[in-house]
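Got your viewer open? Here's a short tour, one selection at a time.

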Amino acid sequence: MLYNSMHNPWLRVLFAVLGEFLAAAAMNLFIVPLHLYGGGLMGLCQLIRSLIQSGMGVSYDFAGILYFACNIPILLFAYKTLGRTFVVKTIVCTSAYSFFYSIIPVPAAPIVDDYLTACLLGGILCGVASGIVLTCGASGGGLDIVGLCLSKRGSRFTVGKFSLSFNAVLYSACLLLFSPEVAIYSVIYNFFTSMVLDRMHQQNVNVQAMIFTKEDETAVARFVIEKLGRGVTFWEGTGAYSGAGIHVLTVCLSKFEIEELMRAVHAMDEHAFVTVQEHVRVYGNFVRKLG
């Protein structure tokens, strides 16, 4: 629904920035007051900040600035794989997140005292926010970009799974440097975030759609090829009950694109019969689109 309502690229950038605001607010309101650590690159920046603060007596939270600086080489690495448009939008989102993280005040006392409840609320909000940003064709930077590069190149890693792997190392360091409670609840927070993110990030979900129509199959095929940029195969079938001829089309695409396909098919033939199978594995020439 979010994709269908935002054909305007400026609206998509606006929604992405709002998603970054929500992510930064969730972090500063629920996670930072309990002295827990986010996942991925931000978690690493927070860990470095804590070590510098304890070693040098610095009180200012510069993790947001450090996060922005660390994203520069990652964006340069991802430029060829993800394209200029995606990288430019990601620069905007990364700048917005760093800015919001730096200016949103951290409560002196935790809003939610219970660690598990705070991790649940913060994880859900951050996962939803990151999913909105990715659905808008951008990223908040950090490990999301590396995960998207692996996903687009055909790796079996999803964005969430890659984050979990990196965070296993990050939180092991937290376990050695801080109390076990800090590491354990940080892991719980990151788990909720990653699970919600994978549900929100529909580009990760491959689907196979089969369309059965009695109307002009070439019109549907042209739409799939020209508007969605996907390949399509069709053949002639026969209805067993009526004995009438029917056109059968099959196409593989992401769940992100399925609503647009369904709307177009039913506009051409309101009696069309469509089946959709999720979580199919596609090998070979299949482009993973980012927005």
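## Stop one: helix α1

Start by selecting residues 9-31, helix α1. At 1.5 Å a residue, its 23 residues should span 33 Å, and the end C-alpha atoms sit 32 Å apart, so the two values agree. Keep in mind as you look around that this is a predicted model.

Stay on α1 and colour its buried residues: Arg12, Ala16, Gly19, Glu20, Ala23, Ala24, Ala25, Ala26, Met27, Asn28, Phe30 and Ile31. Here's a handy bit of background for reading such a list: an α-helix has 3.6 residues a turn, so residues three or four places apart point the same way.

## Stop two: the nonpolar cores

Now pick Met27 and show what surrounds it. Which residues does Met27 touch, leaving out those up to four places away in sequence? They are Val32, Pro33, Gly38, Met42, Gln46, Tyr97, Tyr101, Cys126 and Tyr189.

Widen the selection to the largest nonpolar core, which has 37 residues. Met27, Met42, Tyr97, Tyr101 and Ile145 are the ones touching the most other members. At least two residues each come from α1, α2 (40-56), α3 (63-82), α4 (84-103), α5 (115-135) and α6 (143-152). The most generous giver is α1, with seven residues. There's also a second, separate core of 18 residues, and among them are Ala221, Leu261, Ala264 and Ala272.

## Stop three: two cysteines

Select Cys119 next. Is Cys119 buried or exposed? Its relative accessible area is 0%, so Cys119 is buried. Jump to Cys174 and you'll find 0% again, so Cys174 counts as buried too. If you were hunting for disulfides, the count is zero.

## Stop four: the sheet

Switch to a cartoon view and find the four strands that make up an open sheet, in the order β2-β3-β1-β4, with antiparallel pairing. The edges are β2 (233-238) and β4 (273-278), each pairing on one side only. On average, neighbouring strands here are turned by 20° against each other, ignoring direction.

What holds such strands side by side? Strands of a sheet pair through backbone hydrogen bonds, either parallel or antiparallel.

Zoom in on β1 (residues 206-213) and β3 (residues 245-254), an antiparallel pair joined over eight bridges. To see two facing residues, click Thr213 and look for His247 of β3 standing opposite.

Last selection: residues 217-226, which is helix α9. This helix lies across β1, β2 and β3, and runs at about 5° to β3.

Definitions and conventions:
Residues numbered from 1 in each chain as written. Predicted model: local features only at pLDDT ≥ 70, side-chain atom pairs only at ≥ 80, totals over all residues. Heavy atoms only, no water. Pairing = 2+ DSSP bridges. Axes fitted to C-alpha atoms, helices over the stretch in contact; angles between N-to-C directions. Contact = heavy atoms within 4.5 Å. Disulfide = S-S within 2.5 Å. Buried < 20%, exposed > 50% of the residue type's maximum accessible area, 1.4 Å probe, protein only. Expected span 1.5 Å × (residues − 1). Core = buried A, V, L, I, M, F, W, Y, C linked by side-chain atoms within 4.5 Å.
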